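Trainee: Could you take me through one part of this model up close? I'd like to hear how the nonpolar packing is put together.

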Amino acid sequence: MKAKNKGREKMGKNSLLAVMVGAHLASGLRFPLEKMVKLYRLQHFSPTILLFYFFLLLIGLKALLASMASGEEITVCDDEVRHQDLELSTTINLLCWFLLRSRYSHLEKMTDLVAVWEVALSDGVHKIEFEHGTTSGKRVVYVDGKEEIRREWMFKLVGKETFTVGATKTKAAINIDAVSGFAYEYTLEINGKSLKQYIENRLKTTNTWILNLGGTDYRIVLEKDTMDVWCNGQKMETAGEFVEDGTETHFTVADHSCCIKAVSSGKRKEGIIHTLIVDNREIPEAVE
């Protein structure tokens, strides 16, 4: 009878410790469970961590209910609590390691690619890719296939990642916003503007021409505000001169003589018209 009572008492001690630790973890450092859920929804913590907290709490509650059903009184000594707490901590650490390892292995085998953008800059058209693990919080940014940012195991799933693009080191940012539940929206900013605003502004401040010379494609871009000329990602050396009806900017591409003529349209809304002439042939403007 004494052995049976000791077994029940030991089970009661284990159940009490499990509930204490499980409730402490599940409550997020002494927050009520309801507030923990609200905090999770507002801050968008990783669901893996929240699931782990609930798992611990359920284990503790199950053991406690079994002990209460036995009708035995629970008494715990300080030395025994320390010993049991050490055993429980070791178990929790092993369980946490197993869950994270299995989850990480699963994520490595699948792609978390959620958004792809193509951005036309003066030095070329750049491809931006973004991976977001909504379980682990992982964030990875690729620019033209090269990894620029990698963050693993982020508890906060919403936020912002900033980086630069191209030879001009243009500032870019990806915003991660929660839409509803576990759905997220990803928006790209270029130089502090949304992608749509950036494209609209670029149409007003640049001219782009695409042509083929000797079997090679060339992309020539004129920045109207600075009169800088770019060709296939390189800033060209130019020579400007005033002519009777406006200005001319001369440069050379693959031994071909090029000139950008700037003349007034005579209309206030249209402003100055820029025309590219290569080997005395006018090149039509391209729209990107």
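Mentor: Here's a look at the core packing, with a couple of side stops afterwards. Keep in mind that this is a predicted model, so to speak of local features we need pLDDT of at least 70, side-chain atom pairs count only at pLDDT 80 or more, and totals for chains, interfaces and linings use all residues. Residues are numbered from 1 along each chain as its sequence is written, and side-chain values use heavy atoms, with hydrogens and water left out.

A nonpolar core here is a set of buried Ala, Val, Leu, Ile, Met, Phe, Trp, Tyr and Cys residues joined through side-chain atoms within 4.5 Å; buried means under 20% relative accessible area with a 1.4 Å probe, protein chains only. The largest such core has 22 residues, and Trp-117, Val-119, Ile-128, Phe-163, Ile-174 and Leu-188 touch the most other members. Elements giving it two or more residues include β1 (113-121), β2 (124-132) and α5 (195-205); strands are DSSP E runs of at least two residues, helices H or I runs of at least four, numbered from the N terminus.

Zoom in on Val-119: beyond its neighbours within four places in sequence, its contacts (heavy atoms within 4.5 Å) are Gly-124, Val-125, His-126, Ile-128, Leu-188, Ile-190, Leu-195 and Tyr-198. A second, separate core has 16 residues, among them Tyr-218, Met-236, Phe-251 and Ile-260.

Ile-260 also turns up among the residues touched by His-274, along with Trp-209, Leu-222 and Met-227. His-274 sits in strand β16 (residues 272-278) and counts as buried because its relative accessibility is 12%.

Definitions and conventions: Buried means under 20% relative accessible area, exposed over 50%, partly exposed in between (1.4 Å probe, protein chains only).
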